[in-house]
Amino acid sequence: MEHQSKIKPKQESFTRSAPKMDKLILSPVGYPLKAGDESSPYLSTDDPSLFQHYARSQWVGLVVKEGNFLFDSLIFPDYAFRAVTVEPKESQITKKTKIFLYSEQKADPGSKIFQQHTTFAEIIGQNQAKEKCQIIGKFLRNDDLMNSPWAPKNILFWGPPGNGKTMMAKALSHEIKSSMFLIKASDLLGIYVGDGARKIKNLFYEARRSTPAIIFIDELDSIALKRNFQSIRGDVVELVSALLGEMDGIASNHGIITIGSTNQPNMLDSAILSRFEDLIEFKYPNSSEREQILTLYANQSPIPFVDISWDIIGQETTEWSGRDLKEKIIKGAIHHAVLTDRSKITMQELTDSIQKANLFSENLTYYS
Ligand SMILES: Nc1ncnc2c1ncn2[C@@H]1O[C@H](COP(=O)(O)OP(=O)(O)OP(=O)(O)O)[C@@H](O)[C@H]1O
Ligand SMILES: [Mg+2]
């Protein structure tokens with residue numbers, strides 16, 4: 001009861017007159033006013049319309065701006081939600097306000113909650129993709145634009161592994177704070193024939209109920225094989241036709257953007273490939289980008305890197321991906337320093353780490 005009195009002043013400040021709210025996205029917070037209570041359950045729903053009903057039935061009339069807390073009084077008394085998106089900026093909840101629960105975990109097949117908060121600023125290079133994501137963000141924030149025939153619809157991220165395709169999707173998800181469905185194409189393949197097609201249908205159905213929404217299908221090549229390979233697996237054929245149907249927007253996909261991701265666009269069925277209006281290439285970083293990626297991660301290291309000629313290392317690592325630079329060079333050097341109880345990492349240790357990683361990939365080539 002004590003905490004209810006703390007809430008009151010805030011609720012009272014909500015009663016001013018303000019424009020009608022179009023859209024509200026709420027992020028579940030837990031019990032911020034209960035000192036010492038660590039157990040704040042994470043809330044999710046697989047029925048957005050039920051959540052909308054639940055939210056409207058208790059908060060209609062409140063004037064809210066971004067950052068405000070809204071407290072539940074129906075199911076979990078004093079459970080708090082924070083308003084992460086309010087449109088217009090400071091406005092009043094009405095019976096028509098679209099209210100969503102902020103969640104990156106909506107679809108059943110293989111979707112993920114991304115606890116880490118990747119931002120665009122952490123992605124070095126890949127400017128074409130960043131620009132495209134900015135365009136997507138602008139469309140998603142404007143209903144008129146989003147419901148026009150000019151809205152982005154199907155986009156393909158392609159390029160060699162480890163160069164930021166998934167990272168870009170995570171950053172986009174973080175940036176837009178609206179519905180985002182992230183799935184691995186291989187997770188769409190079920191045990192029984194028909195599973196995959198059902199999962200695709202469910203996925204688009206869920207997305208349609210929580211527009212604006214982005215569907216990110218990672219590792220698309222694992223299902224969208226060329227026709228001659230598809231015949232090996234009947235369920236793949238079924239899945240591909242379900243996906244083609246959805247991408248064509250047979251059931252009207254206004255407000256949904258599909259982003260596919262693949263290392264091998266040449267493996268994709270031409271029918272699938274032709275559905276993508278834009279093919280965005282993720283290239284290996286150039287020498288100066290490699291230097292920036294290395295320093296970005298070196299600066300996050302618990303053991304300091306000292307007197308490193310990052311420019312030289314940047315020049316020596318042609319065709320190393322962002323993942324290689326982080327996981328093989330930086331992580332390798334940190335692990336070695338931990339093993340040998342060093343308090344700093346020098347140029348010598350770093351070049352050892354590169355040589356070791358080089359040897360590793362040469363051995364792999366030898367055995368493949
Ligand atoms: N351009 C970049 N800037 C900063 N870090 C990067 C960059 N590219 C890759 N990384 C690092 O490498 C990791 C792996 O990248 P990511 O998973 O996005 O690659 P991907 O292109 O999706 O690879 P795959 O094709 O194998 O799925 C990222 O989480 C990040 O730590
Ligand atoms: Mg990926």
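This short report walks through a four-stranded sheet, the helix that lies across it, and one buried isoleucine in a predicted model.

## The open sheet

Let's start with the sheet. Four strands make it up, in the order β3-β4-β1-β6, and the sheet is open with mixed pairing. At its edges sit β3 (69-71) and β6 (98-101), each of which pairs on one side only. From one strand to the next, the twist averages 35 degrees.

Strands of a sheet pair through backbone hydrogen bonds, in either a parallel or an antiparallel way. For β3 and strand β4 (residues 80-87), the arrangement is antiparallel, and three bridges join the two. If you would like a place to look, find Phe-69, which stands opposite Arg-82 in β4.

## The helix across it

Now bring helix α2 (residues 48-59) into view. Helix α2 lies across β1 (23-30), β3, β4 and β6. Relative to β6, helix α2 runs at about 115 degrees.

## A buried isoleucine

Further along the chain, Ile-259 is part of strand β10 (residues 256-262). Ile-259 counts as buried because its relative accessibility is 0%, and the cut-off for buried is under 20%.

Which residues does Ile-259 contact, leaving aside its neighbours within four places in sequence? They are Ile-136, Ile-155, Phe-157, Leu-172, Ile-214, Ile-215, Phe-216 and Ile-217. Pro-152 is another residue to locate: Ile-259 and Pro-152 are 107 residues apart in sequence, while their C-alpha atoms are 9.8 Å apart in space.

Technical notes:
Residues are numbered from 1 along each chain as its sequence is written. Chains are lettered from A and ligands numbered from 1 in the order in which they are written. This is a predicted model: local features need pLDDT of at least 70, side-chain atom pairs count only at pLDDT 80 or more; totals for chains, interfaces and linings use all residues. Side-chain values use heavy atoms; hydrogens and water are left out. Two strands pair if DSSP finds at least two bridges between them. Axes are lines fitted to C-alpha atoms, for helices over the stretch in contact, and angles run from 0 to 180 degrees between N-to-C directions. Contact means heavy atoms within 4.5 Å. Buried means under 20% relative accessible area, exposed over 50%, partly exposed in between (1.4 Å probe, protein chains only).
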